[in-house]
Amino acid sequence: QKLLLFLERAAHVDVQALLPRAGDLGLHREKVVLCARGQRHEDALRVLVEGLNDLPRAEVYCRIVMARQNQRASDQPAPDVPVFCPDPP
């Protein structure tokens with residue numbers, strides 16, 4: 001859980017370098033977070049659906065991404081909702 005929060009909140013994360021390592025180590029949830037940070041939403045959804053078999057979390061992921069995009073379009077701060085939050089929106 002700490003690693004997930006760190007990956008979501010750290011200011012500078014080298015997504016390109018960490019993504020292959022997360023995949024090699026079987027860190028599926030961490031890979032989803034890295035894909036999200038790298039705007040690789042299809043890859044994130046693939047891991048959620050195929051790797052984790054977690055359709056409800058895939059739906060939550062889509063809602064979080066859409067909310068962030070809507071907030072950016074309206075020049076308001078994006079919501080700080082972790083992908084793997086205990087109480088999804």
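How are α2 and α3 oriented to each other, roughly parallel or roughly antiparallel? The views below start with that pair; keep in mind that this is a predicted model.

**View 1. α2 packs against α3 at about 155°.** Here we have helix α2, residues 15-24, next to α3, with the two axes 9 Å apart. Angles over 145 degrees count as roughly antiparallel, and α2 and α3 are therefore roughly antiparallel to each other. As for handedness, this crossing of α2 and α3 is left-handed. On the α2 side, the residues in play are V15, L18, L19, A22 and G23, and they meet K31, L34, C35 and R37 of α3. Sort the contact of α2 with α3 by class and you get six nonpolar, one polar and two charged residues.

**View 2. α3 meets α4 at a crossing of roughly 160°.** Moving along the chain, α3 now pairs with helix α4, which covers residues 41-51. Their axes come within 7 Å. That angle makes α3 roughly antiparallel to α4. The α3/α4 crossing is left-handed. From α3, the contact takes in H28, K31, V32, C35 and A36, while α4 brings H41, D43, A44, V47, L48 and G51. The class tally for α3 with α4 reads six nonpolar, three polar and two charged residues.

**View 3. α4 and α5 cross with a right-handed sense.** The axes of α4 and α5 come within 8 Å, and the crossing angle is roughly 160°. With that angle, α4 is roughly antiparallel to α5. In α4, look for H41, A44, L45, L48 and V49; in α5, their partners are L55, R57, A58, Y61, C62, V65 and Q69. Nine nonpolar residues go into the contact of α4 with α5, along with two polar and one charged.

**View 4. The largest pocket holds about 210 Å³ of space.** If you're thinking about this pocket as a grid-box target, here's the wall: E8, A10, V33, A36, R37, Q39, H41, V65, R68, Q69, R72 and V83 line the largest pocket. Two helices, α3 (28-37) and α5 (55-73), each supply at least two of the lining residues. Of the contributors, α5 gives the most, with four residues. By class, the lining splits into five nonpolar, three polar and four charged residues.

**View 5. Some residues of the pocket wall turn up again in the helix contacts.** Take A36: the residue lines the largest pocket and is also part of what α3 brings to α4. R37 is in the pocket lining too, and R37 is among the α3 residues that meet α2. H41 lines the pocket, meets α3 from its place in α4, and is on the α4 list for the contact with α5. Over on α5, V65 and Q69 are part of the pocket lining and meet α4 as well.

How values were computed. Residues numbered from 1 in each chain as written. Predicted model: local features only at pLDDT ≥ 70, side-chain atom pairs only at ≥ 80, totals over all residues. Heavy atoms only, no water. 1 Å grid on protein atoms, 1.4 Å probe; cavity = no way out; pocket = protein on both sides within 12 Å on 5 of 7 lines; lining within 4 Å. Points joined across faces, edges and corners; volume = space filled by probe spheres on them. Nonpolar A, V, L, I, M, F, W, Y, C, P; charged D, E, K, R; others polar. Axes fitted to C-alpha atoms, helices over the stretch in contact; angles between N-to-C directions. Parallel < 35°, antiparallel > 145°, perpendicular 65-115°, else oblique. Left-handed = near helix turned anticlockwise from the far one by under 90°. Contact = heavy atoms within 4.5 Å.
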